[in-house]
Amino acid sequence: MKIGTPVEFKLPDKVVHGHLYKKGTLRNRAQVIDNSNIIWRVPEGLLKVRKGSRRNTIVTKLDLERSKYRVGDLVTFHSRGTVHSGIIFKLNPTKAVVQLKSGDQWTVPYNLLQLVLSQNPSRASSGRVQKISDKARSLMDTHGLKEWNLRFDESIRSLGKCNYRDRIISLSRSHVLDGKEEDIIDTILHEIAHAIAGPKARHGPEWKKVAIQIGATPRSYFKHEE
Ligand SMILES: [Zn+2]
């Protein structure tokens, strides 16, 4: 079953419709993203392919929630009737680490946070993620990668990744939020060139040729994983 395939699974009281987000392994359950962009973890054997179109572009609820915050922001959250306020210390994949005045650190899911004061109020937020996702999708389609998936990841070491096995191009969300738009477009084209040139090309002449053809800067980035 390929990533992006329309699938369904049964719960005691309903049937959930979604798309395959991540394949299962011997140890881990498969992941399904539903129409509200919520991710479910389900044993792959319980998934049934359903009719419908594939979904190759995925912006998760978490992508959008997490996009509101940066390290240093002042936030509040409730716990057992008490309102706590603190500074975002670290942005983990699904939760933020918030440091209170007392020095205590709490790990809080993004959807429970309220932003009080940001370091830079004019910075990009979830709208940017959506806009770049549309742009990247249209570039991928234009260059013949309709079957390839697009998504965002937590990486801070690499700006973009090209996963040949699952046919996924993923973009670093922090790069998408805080990078220059022209650099982000260049990253997208860089990864598209990898997808077209194939895994053996690396940053060699074949890849460079494709990169130049499609308008990517033909260089390997310092921060890059294929
Ligand atoms: Zn590269």
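**Figure 1. Welcome to the whole protein, where residues 24 or more positions apart account for 46% of the contacts with a separation of 6 or more.** What you see is a predicted model. The chain has 226 residues, and 29% of them count as buried. Its C-alpha atoms fill a box of roughly 60 × 45 × 30 Å, taken along the principal axes. Along the chain there are 5 helices and 14 strands. The protein is divided into domain 1 (6-55), domain 2 (68-117) and domain 3 (126-214). Taken over C-alpha atoms, the centres of domain 1 and domain 2 lie 31 Å apart.

**Figure 2. Here is an open, antiparallel sheet with the strand order β4-β3-β2-β1-β5.** It is built from 5 strands. At its edges stand β4 (39-42) and β5 (48-49). Each of these two has a single partner strand, so one side of each is left without a neighbour in the sheet. To find the partner of β5, look to β1 (residues 6-10): 2 bridges join this pair, which run antiparallel. Glu8 is a handy landmark, with Lys48 as its bridge partner in β5.

**Figure 3. This close-up turns to His17, a residue of strand β2.** Is His17 buried or exposed? The answer lies in between: His17 is partly exposed, because 14 other C-beta atoms lie within 10 Å, whereas a buried residue has 20 or more and an exposed one 12 or fewer. Leaving out residues up to four places away in sequence, His17 touches Glu8, Asp34, Asn35 and Arg50. Lys48 makes another useful reference point: His17 and Lys48 are 31 residues apart in sequence and 9.7 Å apart in space, C-alpha to C-alpha.

**Figure 4. A further open sheet has 5 strands in the order β10-β9-β8-β7-β11.** The pairing is antiparallel. At the edges are β10 (105-109) and β11 (114-117), each of which pairs on one side only. From one strand to the next, the twist averages 45 degrees. Starting at the β10 end, 5 bridges join β10 to strand β9 (residues 95-100), and the two run antiparallel. One bridge to look for sets Gln99 against its partner Gln105 in β10.

**Figure 5. Follow β7 on both of its sides, starting with the hairpin that β7 and β8 form.** Strand β7 (residues 74-79) and strand β8 (residues 82-91) run antiparallel and are joined by 6 bridges. Among the residues to spot is Thr76, whose bridge partner in β8 is Ser85. The hairpin leaves 2 residues between its strands, and Arg80 in the turn has a positive phi of about 45 degrees. How many bridges join β7 to β11? There are 3, and these strands run antiparallel too. Here Val75 stands opposite Leu115 in β11.

**Figure 6. Now for the largest nonpolar core, a set of 36 residues.** Those with the most contacts inside this core are Val32, Met140, Ile169, Val176, Ile192 and Ala193. Several elements give two or more residues to this core, including β2 (15-22), β3 (30-34), α2 (126-142) and α4 (181-197). Which element gives the largest share of this core? That is α4, with 7 residues. The core draws at least three residues from each of domain 1 (6-55) and domain 3 (126-214). A second, separate core has 6 residues, among them Val75, Ile88, Val108 and Leu113.

**Figure 7. The last view shows α5, whose buried residues pack against α4.** Trp207, Val210 and Ala211 are buried in α5. Seen down the axis of α5, the buried residues fall within an arc of 100 degrees, so they line one face of the helix. An α-helix has 3.6 residues a turn, so residues three or four places apart point the same way. On the other side of α5, Pro205, Ile212 and Gln213 are exposed. Ala193 touches Trp207, Val210, Ala211, Ile214 and Ala216, not counting residues up to four places away in sequence. Just after α5 comes Gly215, with a positive phi of about 95 degrees.

Methods. Residues are numbered from 1 along each chain as its sequence is written. This is a predicted model: local features need pLDDT of at least 70, side-chain atom pairs count only at pLDDT 80 or more; totals for chains, interfaces and linings use all residues. Domain bounds come from an automatic or database domain assignment. Two strands pair if DSSP finds at least two bridges between them. Helices (H or I, at least four residues) and strands (E, at least two) are DSSP runs, numbered from the N terminus. Axes are lines fitted to C-alpha atoms, for helices over the stretch in contact, and angles run from 0 to 180 degrees between N-to-C directions. A nonpolar core is a set of buried Ala, Val, Leu, Ile, Met, Phe, Trp, Tyr and Cys residues joined through C-beta atoms within 7 Å. Two residues are in contact if their C-beta atoms, placed from the backbone, lie within 7 Å. The arc is that of the directions from the helix axis to the C-beta atoms.
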